[in-house]
Amino acid sequence: MAAPLALVLVVAVTVRAALFRSSLAEFISERVEVVSPLSSWKRVVEGLSLLDLGVSPYSGAVFHETPLIIYLFHFLIDYAELVFMITDALTAIALYFAIQDFNKVVFKKQKLLLELDQYAPDVAELIRTPMEMRYIPLKVAMFYLLNPYTILSCVAKSTCAINNTLIAFFILATMKGSAFLSAIFLALATYQSLYPLTLFVPGLLYLLQRQYIPVKVKSKAFWIFSWEYAMMYVGSLVVVVCLSFFLLSSWDFIPAVYGFMEHPIFFMFIQIAIIAIFKSYPTVGDVALYMAFFPVWNHLYRFLRNIFVLACIIIICSLLFPVLWHLWIYAGSANSNFFYAITLTFNIGQILLISDYFYAFLRREYYLTHGLYLTTKDGTEAMLVLK
């Protein structure tokens, strides 16, 4: 599988190198769909110029990049294009090996459940085979490297690509069961952007499944208030959970209510998608990361209800972004509401798409335990309604 991956990497790097040398590079770097004030390369260059003049880049209100990034490019400014191409390649490689490990875990768990007769007898066609899962890691790498959103982010030198790399290595470290590296990469990703903090729970759940032992955090003066605030939240949560236990005299509600405790990787996928949809100043680079995971869930395609319509919505919106921006900013024949409407439609399309995957996942899990062909008491075909 190394040769196909190498071929994909060569094609991806060639496409990016060609675009970097074309007249489109400057145009792409100015697109609001591709870069934001938080991830723009122009802001990084401005920060470096201020730093060289002995002025703090943070003295104004226009620079929002982290100090590590600005000092990294202080030494690598002449190799920026190469850095971003390597960054994309590393992300794809990390995702490739992470999904390889994930497939092994899925197949092992599936084999165990089959041996324990945990699946219904008529769900043979839902069981995943090694041949079916063999090319998924390569497809994930291809979905990331050859995704137009990823290519545009790289050519625009959006620092969103660096955050994607950190998240990809967090996923890889988590899959490998390395709590130390997982925490480091999650911390770095959170340092770059606060939103990856929400990946802590699915990451911890996966590590706990591998018999992870939590590490105690040292107490410092800065953490006193943080600890108190956290205790108020945790204390309230404990009270509510304990109240639920006293009402039911059972802990059975936990797996029923928080069902994805058994599926932390799908939980992680949903969280990455939610971050991309609801974060401030999102760009297409954020979308590209969770889209790379679509091949991992190819076994859900048969249960997706609106995939064609939603794919058309996302593609059409992507094509209309630059058109409506031009009509608003340059032609003056439209106003901001046109561009706002298309971004709103794009986000609605993403929300419905992720909801469809959510529905398909739950539906398949239900069929695995209750059978694929459901019937009512009188023997007629039953309709499955998820509430």
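Guide: Contact here means heavy atoms within 4.5 Å. The model is predicted: local features need pLDDT of at least 70, side-chain atom pairs count only at pLDDT 80 or more, and totals for chains, interfaces and linings use all residues. Residues are numbered from 1 along each chain, and side-chain values use heavy atoms, without hydrogens and water.

Visitor: Which residues of α9 and α14 meet?

Guide: From α9 come I167, F170, I171, T174 and M175. From α14 come I265, M268 and I272.

Visitor: Why is α9 called roughly antiparallel to α14?

Guide: The axes of α9 (residues 160-176) and α14 (residues 264-278) cross at roughly 170° and come within 12 Å. Angles over 145 degrees, on a scale from 0 to 180 between N-to-C directions, count as roughly antiparallel. Therefore α9 is roughly antiparallel to α14.

Visitor: What makes I69, I70 and F73 in α4 buried, and L68 and F75 exposed?

Guide: Buried means under 20% relative accessible area, exposed over 50%, and partly exposed in between (1.4 Å probe, protein chains only). In α4 (residues 67-76), I69, I70 and F73 are buried. L68 and F75 are exposed, on the face turned away from the buried side.

Visitor: How do you know that the buried residues of α4 are on the same side?

Guide: The arc uses directions from the helix axis to the C-beta atoms. I69, I70 and F73 are the buried residues. They cover an arc of only 95°, so they lie on the same side of α4.

Visitor: What do the buried residues of α4 pack against?

Guide: They pack against α3 (41-52), α5, α9 and α10 (179-192).

Notes
Helices (H or I, at least four residues) and strands (E, at least two) are DSSP runs, numbered from the N terminus. Angles under 35 degrees count as roughly parallel, over 145 as roughly antiparallel, 65 to 115 as roughly perpendicular and the rest as oblique.
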